[in-house]
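Trainee: Please take a close look at the disulfides in this structure. Where in the chain do the paired cysteines lie?

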Amino acid sequence: MYVTERWIFVVGIGFFSLCFLMTSLGGQFSAKRLADSPFTIRTEVLGGVESRGVLRKISDMLEVILKRMDSLSKLDNTSTADTRRLDELSLAINRFQPAGLVERIQAIAQNVSNMAIKVEQILQSSMAQGRVRDGTSNQCEVPRDPRFPDCPGKVDWMRARWTSDPCYAFYGVDGSDCSFIIYLSEVEWFCPPLAWRNHSSPPTQHALQEKVGKRQAAFRTDLSILLEQVGTGKESLSFMRRRIRRLAPQWATAASRLHTKLNGQWRDQKRILVHVGFLTEESGDVFSPKVLKGGPLGEMVQWADILTALHVLGHNLKISMSVKELQGFLGVPPGRGSCPLTGPLPFDLIYTDYHGLQQMKQHMGLSLKKHKCHVRVIDTFGTEPAYNHEEYATLHGYRTNWGYWNLKPRQFMTMFPHTPDNSFMGFVSEELNETEKRSIQQSKVNSVAVVYGKEASMWKLQGKEGFLQILHRYMEVHGTVYYETQRPPEVPAFVKNHGLLPQHELQQLLRKAKLFIGFGFPYEGPAPLEAIANGCIFLQPKFHPPHSSLNHEFFRGKPTSREVSSQHPYAEQYIGRPHVMTVDYNNSQEFESAIKEILKTKVEPYLPYEYTCEGMLERVHAYIQHQDFCVSESVFPPSNLSKSGPAGGIRTPGPPFVTLLNSTALGWASGVPAPPTWPPLRSLRLLVSQEDQSCVEACQLAGLVCEPSHFRFINNKEALRGLEVQCEVIDSEINHILPAFSVVRRECSLQREPLLFSCAGHSAKYRRLCPCRDFRQGQVALCRDCL
């Protein structure tokens, strides 16, 4: 059979007949999994938007019909007439033949609608007779219980809308009040349980884990299973597979080192789902077609490394690249996400992105709110607390297209450690051994510069001709700009353009070059780290004023107020000279001086430890073993912490904060008890910011890192007393700059909403209380005692 731009609609009940039809159509339909409805078949042939909508409605109606016919088949006393009519309907459905004509779809839809009406009539009649015979009609009256005030209204809603989503039929809803109340009391929680029902509740997540028992994770070095899980069929997946293979020896070496470092420490094996939302067809998958055309690869680099790290650490991993796979792995009922999951979540952790989070919301419905503590969102640029809190963001102008999920901010995981409110996930760059480093230094050509920019649009920067001409006077300029047939006109004639290079050829070019130069875009990609690791000096532009969501289109709508002072702030701040130079490109004298300095400077290949395979394994291991956002965090310390006991009685511990030796910071007193926390409280250093200074800046100036998990330990009067802050008024508010105080007005304010604890917030009127911590050498995400 030849299929040419027409829709093919398959209806059938028998599994084997369905398989036969799929085979005969030459593979035009994707394979059916056991949990799928016979009608939730994804078509791959072309068709109009209107046709797809009609087919989707037909599929939903047929799914409801089957569920209700199944309910009818379970009635023992159905009348002979009803049985005959039911048989006729079954035969009618089985007589459906594949139709390839778009113009017949509306007629088919009408027939399906007629069937639904007939089934409804039969079901209502039969169920009514059954209720009278078994005496349950009186047992299904709508409860009027003050403990469940929403029950009557929810029953009314179900009467009118229960066919709006097939998931209700999946849970046994059949149009009767009994089924409504059973659903609303046993699947959801709006009605009281019926006395005559068996109320065995599904096992909780904790109970399930106890039953299964904990398993120890063991490091893996064989990546063949992972490569099979990643799959094929898209260039983006092929890119990720190539990267995983290329770095496999380094991951194996890193696993061995970390295993030795942990010295036999127990590691829980976690059940982990990775859903790469931005690569799904439902999100548009705009990245895959651009992989071979110079498009952005940073996200795919990071996801490939995340998958590898989780696999190498020995966890039980499932990978989803489509909404259908997501539904199957989560075990959500078929439909549009109106019904919650009834059993425990089958995963301890779910890694996804903003696209995947939206897809989970659509298909998990109410369950997402219950299970969202298990979610980790891979978020390139970060999400600050003021944007994350939905109500606060809406009321105070922080609402964007991306934030407002009300997650704990550390559940967002970034590409670089630029927002301490989030967790730093990162990626890896290839690490060179000593022999390779010596070889690179011997083969360096002092006069070769490579431009950072694979797309021609990146070369459209106004004024680039001036600084490129200066560069051309001193160095041979190379480009790697994608083109198909002719040289991109945006690239000057004196630039030697290699076109888009495979990764290994790009590595060879970087190992030869002395300079890697950025134009200001893309922001914060992996390429500069790769260049520095191959012995290049990275030259980048300084931004005056800094770029942010307030003044730059690229950042507009992103859930962060961060001000970006250069193309790659991490390289500027955490690496710096001599490997990184940041200058004003509009100042030709400053730019030329930088080029002359670079020609005289000799550097060795350098890679920060946190971007090595071992560094990433170490960090991800610590997160998985210690971060638990499902445990409620109580307010601390209790109100009587520093008060005396009765006369002659036992005194409670003294003030929780003590001045540290040779420091202006306060630390946690060793004799004061505290609940277990990670990072441990001994890493805490309590500081005060200046006006209009964030805790990020205040901690950095002290050589420390802001630690948002410690905010709850300093959000109290004891911290203010320890800092000797003069407060005439102490109140509590909802504001992302709190806890803080005003020196002029002697007003002190504590935070009332834990989700708004923020390292990033600042105010010209207030000085902030800042919880800082130390960090491991080369691993800013972890404190010294965090491993």
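Mentor: What follows goes through three of the cysteine pairs in turn. This is a predicted model, in which local features need pLDDT of at least 70 and side-chain atom pairs count only at pLDDT 80 or more, while totals for chains, interfaces and linings use all residues. Residues are numbered from 1 along each chain as its sequence is written, and side-chain values use heavy atoms, with hydrogens and water left out.

With a disulfide taken as a pair of cysteine sulfur atoms within 2.5 Å, the count is 9 disulfides. One of them joins C140 and C178, with 1.4 Å between the sulfur atoms; the link is right-handed, at 80 degrees about the S-S bond. C140 sits in the loop between α4 (105-134) and α5 (151-161) and C178 in helix α7 (residues 177-186), so the pair ties together parts 38 residues apart in sequence. Helices (H or I, at least four residues) and strands (E, at least two) are DSSP runs, numbered from the N terminus. C140 and C178 are both buried, meaning under 20% relative accessible area, where exposed is over 50% and partly exposed in between (1.4 Å probe, protein chains only).

Another disulfide pairs C706 with C759, their sulfur atoms 2.1 Å apart. This link of C706 and C759 is left-handed, with -80 degrees about the S-S bond. C706 belongs to strand β17 (residues 705-706) and C759 to the loop between β20 (747-751) and β21 (767-773), so parts 53 residues apart in sequence are tied together. Both C706 and C759 are buried.

In the disulfide of C727 and C748 the sulfur atoms are 1.8 Å apart. C727 is partly exposed, at 25% relative accessible area, whereas C748 is buried, at 1%.
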